[in-house]
Amino acid sequence: MPDSGDITWAKATANELNNLLQVISESSEMLESICPGSADSEKYFAILRNGVARATRVAGMMSDRLGGGAFETAETPRAPGNPTSKSAEAAPVSKGDIRIANPSGARELVMIVDDEEFVTMIAERVLTDEGYRVVTAKDGFQAIEIYRKLKEQILLVILDFTMPVMDGADVFAELQLINPKVPVVLSSGFAEQEPLRNMLSHGLRGFIPKPYTQQKLLTQVRSTLDALNAERSGLRRVL
């Protein structure tokens with residue numbers, strides 16, 4: 001019978017597999033809208049192939065851990081509890097190195113933090129199509145460096161919970177050291193209830209479960225920003 005460690009590991013792995021399958025599903029939808037032979041086609045196909053390969057490796061890990069062994073994987077990702085080298089930290093970025101999508105957009109600047117490249121690509125496209133400016137980070141270290149540089153401009157952070165090295169809770173805590181009132185919405189397919197409750201009690205602005213639709217993302221972003229604007233307006237009236 002699996003012990004508590006096996007169960008915890010299985011939950012985390014199932015979450016990762018779910019996120020990867022979400023990538024595959026969303027990529028297939030996106031590819032339908034891309035004309036054959038366009039400049040972007042090969043890029044999307046490469047991401048799709050990478051997602052499938054990662055899903056296979058994760059499934060193999062789960063099978064091996066639970067005594068299966070039916071999958072043969074190209075590499076073995078780090079199992080929970082094993083130390084990770086700090087060499088995985090992102091290099092510091094300068095303000096000039098930060099790419100902002102739709103820089104002339106009329107709406108607010110939003111930062112998306114997610115280690116799934118296709119998730120950030122889809123979210124960026126959805127938001128920029130609606131006039132938002134968007135900056136993306138592939139991990140917690142990069143997000144912290146970007147926010148340190150652009151904290152006066154970034155009005156909302158969409159933060160994934162399950163990321164390597166630093167999870168969403170750790171990144172949230174580090175962002176609050178830069179700005180105690182940093183507006184963050186957590187996004188994940190799976191989150192332990194206790195960390196989520198703790199983050200909410202410390203100022204988390206909301207939670208959007210994965211996989212989310214285009215409309216859910218836009219609604220969450222707009223409602224959160226409108227609430228923040230209302231709070232600022234109320235504070236100005238009081239002063």
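Here are four short exercises, each with a worked solution, on a predicted model.

**Exercise 1. In what order do the five strands of the open sheet stand, and which strands are at its edges?**

*Solution.* Start by walking across the sheet from one side: the order is β2-β1-β3-β4-β5, and the pairing is parallel. Next, look at the two ends of that order. β2 (133-137) and β5 (206-209) each have a single partner strand, so one side of each lacks a neighbour in the sheet. Finally, check how the strands are turned: ignoring direction, neighbouring strands of this sheet are turned by 20 degrees against each other on average.

**Exercise 2. How many bridges join β1 to β3, and which helix lies across β1, β2 and β3?**

*Solution.* First find strand β1 at residues 109-113 and strand β3 at residues 154-160; they run parallel and are joined by five bridges. To place the two strands side by side, take L109, which stands opposite I154 in β3. Now add the helix: α4 (residues 140-150) lies across β1, β2 and β3. Compared with β2, helix α4 runs at about 140 degrees.

**Exercise 3. Which residues touch the most other members of the largest nonpolar core, and which element gives the largest share of this core?**

*Solution.* Begin with the members: the largest nonpolar core has 28 residues, and M111, I154, V157 and L159 touch the most other members. Then ask where the core comes from. The elements giving two or more residues to this core are β1, β2, α4, β3, α5 (168-178), β4 (184-188) and α6 (193-201). The largest share, six residues, is from α4. For a close-up, pick M111 and set aside its neighbours within four places in sequence: M111 is then in contact with V135, A143, I146, Y147, I154, L156, V157 and I158. One more core lies apart from this one; it has 23 residues, including M121, V185, L225 and L228.

**Exercise 4. How many cavities of 30 Å³ or more are there, and which residues line the largest cavity?**

*Solution.* Count first: there is one cavity of 30 Å³ or more. Then take its volume: the largest cavity holds about 40 Å³ of space. Now list the lining, which is made up of I112, V113, D114, V119, I158, L159, D160, S187, K210 and Y212. Last, sort the lining by element. β1 and β3 are the elements that give two or more residues to it, and the largest share, three residues, comes from β3.

Note on methods
Residues numbered from 1 in each chain as written. Predicted model: local features only at pLDDT ≥ 70, side-chain atom pairs only at ≥ 80, totals over all residues. Heavy atoms only, no water. Pairing = 2+ DSSP bridges. Helix = DSSP H or I, 4+ residues; strand = E, 2+ residues; numbered from the N terminus. Axes fitted to C-alpha atoms, helices over the stretch in contact; angles between N-to-C directions. Contact = heavy atoms within 4.5 Å. Core = buried A, V, L, I, M, F, W, Y, C linked by side-chain atoms within 4.5 Å. Buried < 20%, exposed > 50% of the residue type's maximum accessible area, 1.4 Å probe, protein only. 1 Å grid on protein atoms, 1.4 Å probe; cavity = no way out; pocket = protein on both sides within 12 Å on 5 of 7 lines; lining within 4 Å. Points joined across faces, edges and corners; volume = space filled by probe spheres on them.
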